[in-house]
Each structure stands twice: as C-alpha cells, then as structure tokens.
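Student: Could we go through this structure together, slowly, and ask of each label why it is used?
Tutor: Yes, here is the structure to look at.

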Amino acid sequence: MGQCITAPCQRSAVMNTDLLPHEDKLQADDAGLPQDSLPTTPSVETTVGTVSGQNNLTPSDAEDFDAGTALPDANGGLSAVAQPTSSDDRPPGEIEEQALSLLRALRVHEAAAVLQSAESDGPQSGNAVALRAALELQLQCLGSALDRLADHPGIETAGAAATSSTAATSLSSKTSNGTLDATPRDGVTESLFGTHIPLTPKAARESRSECGTPHSSKRDVVEVGFDLDDKGRRVEVVIEFFKDGSASIAWTASDLPVPLPLILCLVNEVDLLGDLVPFVLNATRLHDFPWNKADCLSRVVSKPPIPFIAGLEAIEQRFGFDLLDTPWQGLCLVVCGPEWERQPDGSSIWRGVRRPPPYQAGLKEVDVKTVVALGRPTGQSGELTTIFFSGKGDMKVPRSLLPNWLISNLIKMIGKLIYQKALDRVANFDSSEHGKRLRGSGSTFYAELHERIKQFIGNISDSSV
C-alpha cells in the first residue's frame, strides 16, 4: 500500500527543512507566533552561519512573505478555490499563500495537497521549495504517528462510541461493526510528496501489516486500569518493555469533563507543564519555528521517585495537526526526538538551532522516539474530551528498577494528580497564566482552533438531525 515509516524525524537531504540554499529561503512572516506571549530561552542559539555548505533558514528570514488573509473556509473544509485539482490557474504566489495559511492552522495534509496539486503545472519558486521542505518534515512525523496510533487498543472501541455523537458523517461511514473507517475527502490523497499519510485507522493498520513487524510471542506487558473520580471517568493503560531497553505506553482517558480548546492550551504551553504534572523540575520552550505555534523545540526535566535515578531530561520536537475533518476526528500532538547533526566545532544542531548544554549533571537523557496524543471532542455539544496517547522511548532505566507494583502505583498516582490539577486549573482558568495565554496579545491561534472545534461539533449536530 504505502511505505513503512519508522523514523519520524530522521534527517535526509529532502527532510532538511530549514537548511536550504539562500536563494530558496521562504520569506514568510512569523506565522502568528507572538513572542511577547511565549517564553524565550537565551541559552539556545540560532545558528546564522552555514551548515554543510548551506545557509540556515531561521525565523528572522521570514519577514517579507505575506500569507495574506487566505484562511480555510467556515465549514471546516477547503474552500472552492483551495480545493486541489489537476490544474490550478491561480498565480503561484496565491497557491503558496493558501498552503501556508493551512499550515499555520495545523492542517498540514491539506496544505500539502494544495501545494502538490500545483507542482505539476510548472517550475516552482524558491518560496514553494522551502514550504514543501517544511511540509515534508511534518508529513513524515504525522505518517509515523498515525501508524503508531492505529495500534492503540482504545481507538477501535472508542471509535464505535464516537460514531453516534462526534462522527463526521459527511466524511465517515460506519462499517458493519460500527467502527470508523472512511474514505478520505476528494482532493486529500493518502500519498503526499512521497509520504504515506493514513487518513483512516484502517489504512494505518493495513500499512503496518505490510511492514511485517510481528510481536514477539513472549511479551513483557503491564496493564493498569483505574478510576479518576467517582463519576465513572476511567483510564486504561498498557505498557510494554522491549529487549533493547525501550518501552511503549498507550492509554485512553474517556469523556474527560474538560473541553478540547482548554486541553489544547494546557498541552501546548509546555513551559507551564510543571503546574499540572508532578515531578517536573523544569519545562522550557527552547525555540519556536515560524510555521505555526505548535512547531517548537522543548525540554522537560523531571525527577520521578525511581531508585538511584537523579532525574530525567528530554529534548523534544513538537508538531500539531488538525485532523478534525478526517476519520481520526481530533487534534493531534506529535512529539519526536530531534536528529542532532554534529558540526565541525563539536556542537550539534537541529533545524538551525544549537543543542543546549545539559540542564544539570547526572541526569539520564531520555531517547524520545515517537509520542502521539489525539484529543477528540465528545459529549452532546463537545463539552467533553477523549484522549488517546501512545508513545515509545528509552528512559535508560533498567527494567529491574521498575517492578510492576512500582509502575502501577506511579501511573495511578500521576494520573490522578494530573486530573485533579487540570480540574483545578480549569475552574480558575480565566485568572490563570494559561487563561492569559489563551486570550493572548494579538495571537489568533487558539481562537481559530476554537472556531474549528465549534464548526466540527456543529456539523455533527446538523448531520444527526
């Protein structure tokens, strides 16, 4: 069917998105990233020189490209002029503006479809080349993440329930067992710039089957289930340890009493993570990339109560994707480990950003592979949220230091603490730092996504009448 994707942030000549020849730099504005509303970290230096014989594309290079006011249409799909066709008579600049607007709105696969449809019509400008390179990086991460999410034990069972209240019937159709498996909307293909994007869970499962990665007959699996409160809100967790020292985790939290727009803010403002998650010593947004507000490099330092472990440090590349108009029916956060590129002076860079020194000596460096979280609006009017989480990484902590009873107790404790802290924060959201950032100072990022969710819920309500 499609290609097997195993390394979402693996570097290649095509994937090297921000290291482009000078004449091909995209002149785009700062993609709606108000620096006064986000913390900055001066310890991370953006390289302006040359790397591997090429100049780096940095946010400061993105000042002259005006993406205009071209935005996705009100019904949540591509507007008539933006629909990908075999031939697009619009000027190249207008097509690029539409693609960039979609990218800013986290609608990456739609942006790629618009730009891909125009490439067959003739030579591309330097703007289009740079925009395509940025899209390719995000598409490969998205494809890998959805392949992983398709194996999530909660996707099928929750999908059946979602069909009755949040399934986009214009995009989805029920199979005989009631689960969601739909054909992607016309014009948004599953192969974009050579990357397979499984826009249905079924397509992702079929792709993984073709990859031929069978499970070992003897597996080290820990299953934990617990109630978050006395109202039936529950979390189901499955953890698996592998012989190479890595581990995977998948969990589902169903019908949480927090609307998705607020959860989006709680998750995206990574430097406030310590307000919600226990054992976090430091969380920093190291660098904002210019494409959209979700595209950033972050660092999280934590100290869970694991014997003989001074603490854990993880540096992560974050991306966000709007998949509301697909059968995945949600907003998706993808976290992957940057592929640091060694430089002659001994430093390392990722997308033109130097790797920072360790937060402190003695910390275990977490090897982040792929982490994906999908938030789906549920309830009669989208007042609830179901979250599917799947991740894999290497904490570099011996399995012998993690007995099953410790894993179970830690998961239950952390899960309940996060849940209670999230409820407390939501109860006083307007006066909190999260509330201030949600309102922002000139940023429309959260407002636009809030409207998208409202439109999605409205379409569901209309289709059920």
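What follows is a conversation about helices, strands and salt bridges in a predicted model.

Student: How do you know that the length of helix H2 agrees with what is expected of a helix?
Tutor: Helix H2 covers residues 108–119, and at 1.5 Å a residue its 12 residues should span 16 Å. The C-alpha atoms at the ends of H2 are 17 Å apart, which agrees with that expectation.

Student: What makes H2 a mostly covered helix?
Tutor: A residue is called buried when its relative accessible area is under 20%, and 10 of the 12 residues of H2 are buried. Among them are Val-108, His-109, Glu-110, Val-114 and Leu-115.

Student: Why are H1 and H2 called roughly antiparallel?
Tutor: The axes of helix H1 (residues 92–104) and H2 cross at roughly 165° and come within 7 Å. Angles over 145 degrees count as roughly antiparallel, and H1 and H2 are therefore given that description. The crossing of H1 and H2 is also left-handed.

Student: Which residues of helix H6 are buried?
Tutor: Helix H6 (residues 260–268) is mostly covered, with eight of its nine residues buried, and these are Leu-260, Pro-261, Leu-262, Ile-263, Leu-264, Cys-265, Leu-266 and Asn-268.

Student: Let us turn to the strands. Why is strand S17 said to be largely enclosed by the rest of the structure?
Tutor: Strand S17 spans residues 384–394, and 10 of its 11 residues are buried, so S17 is largely enclosed.

Student: How do you know that S17 is paired with strand S7 and with strand S16?
Tutor: Two strands pair if at least two bridges are found between them. Strand S7 (residues 247–256) is joined to S17 by eight bridges and runs antiparallel to it, with Ala-250 standing opposite Ser-390 in S17. Strand S16 (residues 367–378) and S17 pair over 11 bridges, also in the antiparallel sense, and here Gly-375 has Ile-387 as its bridge partner in S17. S16 and S17 form a hairpin with five residues between them, and Gly-379 in the turn has a positive phi of about 90°.

Student: What makes strand S11 covered on both faces?
Tutor: On one side of S11, Leu-331, Leu-333 and Val-335 are buried, and on the other side Cys-332, Val-334 and Cys-336 are buried. S11 is joined by six antiparallel bridges to S10, where Phe-321 has Cys-332 as its partner in S11. Another six bridges join S11 to S16, again antiparallel, and Leu-333 stands opposite Ala-373 in S16.

Student: What is the order of strands in the open sheet of three strands?
Tutor: The order is S12-S13-S14, with antiparallel pairing. Strand S12 (341–342) and strand S14 (353–354) stand at the edges with a single partner strand each, so one side of each has no neighbour in the sheet. Strand S13 (residues 348–350) is joined to S14 by two bridges, and Trp-350 has Val-353 in S14 as its bridge partner.

Student: Now the charged side chains. Why is the contact between Arg-299 and Glu-313 called a salt bridge?
Tutor: The rule asks for a side-chain nitrogen of Lys or Arg within 4 Å of a carboxyl oxygen of Asp or Glu, and the N to O distance for Arg-299 and Glu-313 is 3.4 Å. This pair links distant parts of the chain, with Arg-299 in strand S9 and Glu-313 in strand S10, 14 residues apart. Both Arg-299 and Glu-313 are buried.

Student: How do you know that Asp-325 and Arg-452 are buried?
Tutor: Asp-325 has a relative accessibility of 11% and Arg-452 has a relative accessible area of 8%, whereas the cut-off for buried is under 20%. Asp-325 and Arg-452 form a salt bridge with their closest N and O atoms 3.6 Å apart.

Student: Why is Glu-433 called partly exposed?
Tutor: Its relative accessible area is 33%, and partly exposed lies between the limits of 20% for buried and 50% for exposed. Glu-433 forms a salt bridge with Arg-437, at 3.1 Å between the closest N and O atoms. Arg-437 is buried, with a relative accessible area of 10%. Both residues lie in helix H8, four residues apart, about one turn of the helix.

Key: Residues are numbered from 1 along each chain as its sequence is written. This is a predicted model: local features need pLDDT of at least 70, side-chain atom pairs count only at pLDDT 80 or more; totals for chains, interfaces and linings use all residues. Side-chain values use heavy atoms; hydrogens and water are left out. The expected span of a helix is 1.5 Å times one less than its number of residues. Buried means under 20% relative accessible area, exposed over 50%, partly exposed in between (1.4 Å probe, protein chains only). Axes are lines fitted to C-alpha atoms, for helices over the stretch in contact, and angles run from 0 to 180 degrees between N-to-C directions. Angles under 35 degrees count as roughly parallel, over 145 as roughly antiparallel, 65 to 115 as roughly perpendicular and the rest as oblique. A crossing is left-handed if the near helix is turned anticlockwise from the far one by less than a right angle, and right-handed if clockwise.
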